[in-house]
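Trainee: I'm new to this structure and would like a close look at a single part. Could you pick out the hairpins for me and then connect them to the rest?

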Amino acid sequence: MKKGIRFEKHVQKSTFHNPMLGNELDTQEITIRRDPLTGYQSAFNPSLEDKVAVFFGPSDQALIDRLAQESEARCFLCGDNWKLATPTYPKELIPEGRIQVGESVLFPNLFPVAHVHAVIRVGDKHYIRLGDFEAGMIQEAFQASREFVQALSEGEPDVRYISINGNYLHPAGASIPHPHFQIAGADLPFTYMEGLFGHSRRYLEEHGSCYWSDLVEVEKELGERYIGETGPACWLASFSPQGTNEVLGILPDRKDFLELKEEDLGGLARGLSCVLKGYDSMGISTFNFAVYSGPLGEKDESLRCYIRIISRQNVYENYRTDDYFLQKLLRNELILTPPEILATTMREVLE
Ligand SMILES: [Zn+2]
């Protein structure tokens, strides 16, 4: 076992008279897991396992289809609408104003939340099921992203902190169904990334190796959460997830986006496509993801490019949020499907 990585579990007991068991005294065990790098906690109570449907009702496909149909006519990403309706970058940064790769188009967000905030149209279809996110359309969006990051590194070198992100459908934060990704970047790292960099650097100092490549090695050896590979990208279910059904795809040889080659983008795209197929097979209709990078051009030995994918609440009427005081204010996550079971499901769809 690699020296620096510990998979810590801590068991808590909760005792009460349970009316569902004739008011007998009932003791439930809650297992708290800690992330080996950050220490972030997640909680698993096996008695919640068969109550998943209470927390996550089934997706209402008829409702999704109706919302998609209603919004299609005014969609600025459909057809050629983007040519008229979307903003453009100054030509000193992007000569054509927007970056187009196949059906993907990258342009500035009208209401940026960071110095750099680009939107990328992903494919020409207004709504698709999670199982229909083909690797090719994702790869085109990643290619447009890489071209943009390359242009930024030359035109706006202050922007060293970058991530590629996605929200799909409204419970996940998307304002329109049409698949789109977003690039956020600035001269300051985002809060989560700042923490991540600090923890990763400390790990390198203490253990003399990179946490992210160590994690791939250790998980591969253990096998229970390891899913497999798509080219250079290695996939696993997080030991202590920070979102529902969290899957990581790590590029153990790439420190920042400027190092990404075609096979890296292809591997990430294929893996993301497979994970979404896996979610689809679980009845899930929404997701978020972020691809993280070390500071551009710094070749920081403690960091690696990786993607974190989570599912969100399903689309149905009056769904309850999956992000309440526990996650939002106490920053603990709830595990409903144990990572080891999730890995088994994902192994079946990873090609
Ligand atoms: Zn559309």
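**The hairpins and what lies beyond**

Mentor: Let's start with β1 and β2, which form a hairpin with five residues between them. In that turn sits Gly 22, with a positive phi of about 60 degrees. Before going on, bear in mind that this is a predicted model, where local features need pLDDT of at least 70, side-chain atom pairs count only at pLDDT 80 or more, and totals for chains, interfaces and linings use all residues. Residues are numbered from 1 along each chain as its sequence is written.

Strand β1 covers residues 8-18 and β2 covers residues 24-34; they run antiparallel, joined by eleven bridges. (Strands are DSSP runs of E, at least two residues, and helices are runs of H or I, at least four, numbered from the N terminus; two strands pair if DSSP finds at least two bridges between them.) To see one bridge for yourself, find Thr 15, whose partner in β2 is Thr 27.

Now carry on along the chain. β2 also pairs with β3 (residues 41-44), again antiparallel, through four bridges. Here Thr 31 stands opposite Phe 44 in β3. These two strands make a hairpin as well, with six residues between them, and Gly 39 has a positive phi near 80 degrees.

So much for the hairpins; what about the rest? The protein has nine helices and 14 strands. One of the helices is α7, residues 262-281. Its 20 residues should span 28 Å at 1.5 Å a residue (taking 1.5 Å times one less than the number of residues), and the end C-alpha atoms are 29 Å apart, which agrees. Of those 20 residues, 16 are buried, so α7 is mostly covered (buried means that 20 or more other C-beta atoms, placed from the backbone, lie within 10 Å of the residue's own; exposed means 12 or fewer, and partly exposed is in between). After α7 comes Gly 283, with a positive phi near 85 degrees.

Leu 272 is worth finding too: it is among the residues with the most contacts inside the largest nonpolar core, along with Ile 120 and Ile 250. That core has 75 residues, and a nonpolar core is a set of buried Ala, Val, Leu, Ile, Met, Phe, Trp, Tyr and Cys residues joined through C-beta atoms within 7 Å. Leaving aside neighbours within four places in sequence, Leu 272 is in contact (C-beta atoms, placed from the backbone, within 7 Å) with Ile 138, Phe 289, Ile 307 and Ile 309.

Key:
Two residues are in contact if their C-beta atoms, placed from the backbone, lie within 7 Å.
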